[in-house]
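Trainee: Before I trust any labels on this one, I'd like to go through what each of them rests on. Can we take them one at a time?

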Amino acid sequence: MTLELFEGKGDIRKVRRKKDKQDFELAMKKFGFKKEIDLVSFCAAITLHEKFNKEVEIKENPSLMQMAKMYSFKKAELYDLIIFNYLNTKENRLEKFEEYFYYGFKKLRDWLNDYGLDFTTEIETVCGFFRDFYRESE
Amino acid sequence: MKFIKLKLKNFKPYFASGEPQEIEFFDKNNEGRNITLNIGQNGFGKTSISESILWCLFGENKYPNWEEFVNTLSIDVAKEMKKEKDIEMTVELITEMDGDIYKILRIGNFNIDEGRKEDKLYVTCNGEPEKEPEKFITEKFAVVELMEYFIFDADDVLKKFEKNQEKEIRDNINKLVGVERLDKMIDTLESVIKIYEKKILDIQSEIKSDASEKKTILWNDKKKKGIAVEEYEHRIKVNKGKIRKLFLKSKPSPEENRIYSLLKNREELESKIDNLNEKYTIEGIASNLDLKLLEPIMDEVIRSVSRETSSKEEFDNSSELIKTTLGINYKGIMFNNKGNNKLIKKSANIDSKELDDADTLNLKEEGGNKSDFIRTLNKYSDLLQTEKEKFDRIYEKHKELKGTLLKIKNEINQIGETTRTKDIKEKINEYKKMKKQNEEYDKEKVKIQEKIKENDEEIKELEKEIEINEDQKKDIEKIRKRKKITENLLDISRESRKSYLDQLINFVNKKASQFLRNTVKENYRFNSLEINTDYQFKLKQKNGEELNQNQINKGTLTISMLSFFIGLSNYIGKKIPYVIDNPMIRLDPGHDKRLIEQLADSKDQIILHLIPGKEYTDYNYKWMRPKINIQNWIYRNEWEERDDLISTIERKKRSELIEFDIDEF
């Protein structure tokens, strides 16, 4: 494998701000994520999904903090290749990943605040999200 | 105990080539007379007699460098004879104890070439050898340090007392009762107690005593919260029971039955959704939720690249996808019959005819990442497949349940609104109210349960802290126990010190006072001599008043000190003969007479070493004569310039004053 994952950068990061953190924790709980990295990749996937379906401009300036080492993120390869091929290869891939994560996180948070809080169980939240999300992207 | 005879061979000036020289101390024929006189000039060998007795008894313990005592002439002779390397120095003391004759013999061998020395003690009792001669000495005599209360130079002793009275008193007392050791022990014990106290304080300052209080508060809080949870659960149960009763009476109307079954269905559906949630958690669907979102991207690419044939149409169709997914540098993927998928660069000029000649990408060299991409996509698409199945199954089930649930909810709501029966309407309202109440209760319950969790964590933390505290408390207990033991030891030491000292001082004061009174008879002012626990010396009058220092003359002070010294030897409680050098030099005339008479009257043998002319005078002889058992005269043999080599001792008639030429001295 000659590919340099995320240009050799060492760690995956999560939100830093207190408000963001609270929302991050809430999303973890509501969706039943056991690991923070699952939520981070889910958020990045939201953005990729959206970008695949419609042209959206992603330009976030997230304030992030270290969460885990890159090697602990098993799907790093997948995301790196998608981002690497999906976008201009000259750009910094990790930065892109972080931007994708944050954009997706904001989407998820907005949905949670608007609709998600009414759901009492994890399965309801997840199903509710997918229902709404698909409808939106259709 | 009586010293009968002393046999010396090569001990200091007592040179002997064959048989040892003999000094007689006691003649049985003169029983009742206890004074033995050894008269000789300074340097003739009087003190050597005292030293020889001590060496005989204690050997190296008393004189570690005893080889220095070997007679110098004997060494010279041995050297002269060449073959003789070992010199024998012997001292034999013959004593009488309770009618038995003990011979105490110490033989010292000194090798002049190698400087090697060896000495051995032999003791016989009436000719029978003692098995443990060293033990015999310690039992019959005193320990080596205490023998100086019996064999001493009165001149030296008094000089020391004159020089530093208090120190000398203290040293002597300490020697006898070990007060100094006890003092050291007391100091050590006191410092140990201080260390223990400090340790306790250190530990106490570390202990956070409020931890256990906090824990108790939290425990009580937890209990209260637990009761509150139970209370909520109870209320919910009661409400549920009430709800059941609302619609389930003995003869329910069909409408009531319907409502009840709807409610029951609703509950069932809700519990099914709960089960679904459990599945979602157990199957770990959340960990691969993202793949579900990436599905269209992966699907499209995989579908495209797995085609077997290629056409211009397909190429165009895939181009859009390729642009967005595989990068802006490529137009699309070309698929051919051979199964070689080719990525077409943007710069390539493509039409249907030229496809085979298209600017193809060497996957290995330039775009390994592209093949990696496809491989990775394939790998994750497999994972996605299993995850998708799981997710879809649950998603569909949920959709279905949720749909039914919504229907039932609507039906229930509609019933409440459309029913004409006031009673039913009220019941529905009541039900809604109770249902809402139950939801609130449930929320509250969950809130409290979360708080209990937090509480538990805090308690755990505190317990860790308290655990340490318990250890510390145990430590303190241990230290306190040790401290108590140490304090007891300290008390015992102090008590012992006090009692030993009191006992000794009382005894010595009594004996010394008695001795002093008898010695200074004519001085009516003195009644007693007193040494106090601070080692200060005092003389007291008959009325108990102390005498001022200026009321005491030097002679009185001297005899007082000697009395004190004799008092100490009495304390040892052994009947050992006194061997006293120069007893009269420092004493006032009259004092010396009564001192020696006292000693002689007490039936103790006293061997006095006197200097002719100074102590052994016509006057002194006269008062001593009735008490004299034996008198010896020490000669010094002149040997050219080496006058220190040989002394001989000769027994003289006891009933006559030995005549000597005073001018010689």
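Mentor: Start with residues 352-368 of chain B, where pLDDT, the predictor's confidence in each residue from 0 to 100, stays under 50. The model has 25 contacts beyond four places in sequence for residues 352-368 of chain B, a contact being two residues whose C-beta atoms, placed from the backbone, lie within 7 Å. This is a predicted model, in which local features need pLDDT of at least 70 and side-chain atom pairs count only at pLDDT 80 or more, while totals for chains, interfaces and linings use all residues. Residues are numbered from 1 along each chain as its sequence is written, with chains lettered from A and ligands numbered from 1 in the order in which they are written.

Trainee: What is the mean pLDDT of chain B, and what are the scores of the model?

Mentor: Chain B has a mean pLDDT of 81, and 84% of its residues reach 70 or more. The model scores are ipTM 0.93 and pTM 0.50.

Trainee: What makes Leu293(B) buried?

Mentor: Buried means 20 or more other C-beta atoms within 10 Å of the residue's own, exposed means 12 or fewer, and partly exposed is in between, with C-beta atoms placed from the backbone. Leu293(B) has 24 such atoms within 10 Å, so it is buried. Leu293(B) sits in helix H9 (residues 289-305) of chain B. Leaving aside neighbours within four places in sequence, Leu293(B) is in contact with Ala45(A), Ile46(A) and His49(A).

Trainee: Why does Asn126(B) count as exposed?

Mentor: Asn126(B) has 9 C-beta neighbours inside 10 Å, so it counts as exposed. Asn126(B) is in the loop between strand E6 (117-125) and E7 of chain B, and has a positive phi of about 50 degrees although it is not a glycine.

Trainee: And Lys12(B), buried or exposed?

Mentor: Lys12(B) has 22 other C-beta atoms within 10 Å, so it is buried. Lys12(B) lies in the loop between E1 and E2 of chain B and also has a positive phi of about 50 degrees without being a glycine.

Trainee: How do you know that the span of H8(B) agrees with the expected one?

Mentor: Helices are DSSP runs of H or I of at least four residues, strands are E runs of at least two, and both are numbered from the N terminus. The expected span is 1.5 Å times one less than the number of residues. For the 29 residues of helix H8 (residues 254-282) of chain B that gives 42 Å, and the end C-alpha atoms are 42 Å apart, so the two agree. Buried residues in H8(B) include Ile259(B), Leu269(B) and Ile273(B). Just after H8(B), Gly284(B) takes a positive phi of about 65 degrees.

Trainee: What does H13(B) reach, against what is expected?

Mentor: Helix H13 (residues 554-572) of chain B has 19 residues and reaches 28 Å from first C-alpha to last, close to the 27 Å expected. Among its buried residues are Leu562(B), Phe564(B) and Ile566(B). Gly573(B) follows H13(B), with a positive phi near 75 degrees.

Trainee: Why do E2(B) and E7(B) stand at the edges?

Mentor: Two strands pair if DSSP finds at least two bridges between them. The open sheet of 6 strands in chain B has the order E2-E1-E4-E5-E6-E7, with antiparallel pairing. Strands E2 (21-24) and E7 (128-129) of chain B each have a single partner strand, so one side of each is left without a neighbour in the sheet.

Trainee: How many bridges join E1(B) to E2(B) and to E4(B)?

Mentor: Strand E1 (residues 2-9) of chain B and E2(B) pair over 4 bridges, and E1(B) and E4(B) over 7. Leu6(B) has Ile23(B) as its bridge partner in E2(B), while Phe3(B) has Thr95(B) in E4(B).

Trainee: What is in the largest nonpolar core?

Mentor: A nonpolar core is a set of buried Ala, Val, Leu, Ile, Met, Phe, Trp, Tyr and Cys residues joined through C-beta atoms within 7 Å. The largest has 87 residues, and those with the most contacts inside it include Leu6(B), Leu57(B) and Phe564(B). Another core, of 54 residues, lies apart from it and has Leu94(A) and Leu293(B) among its residues.
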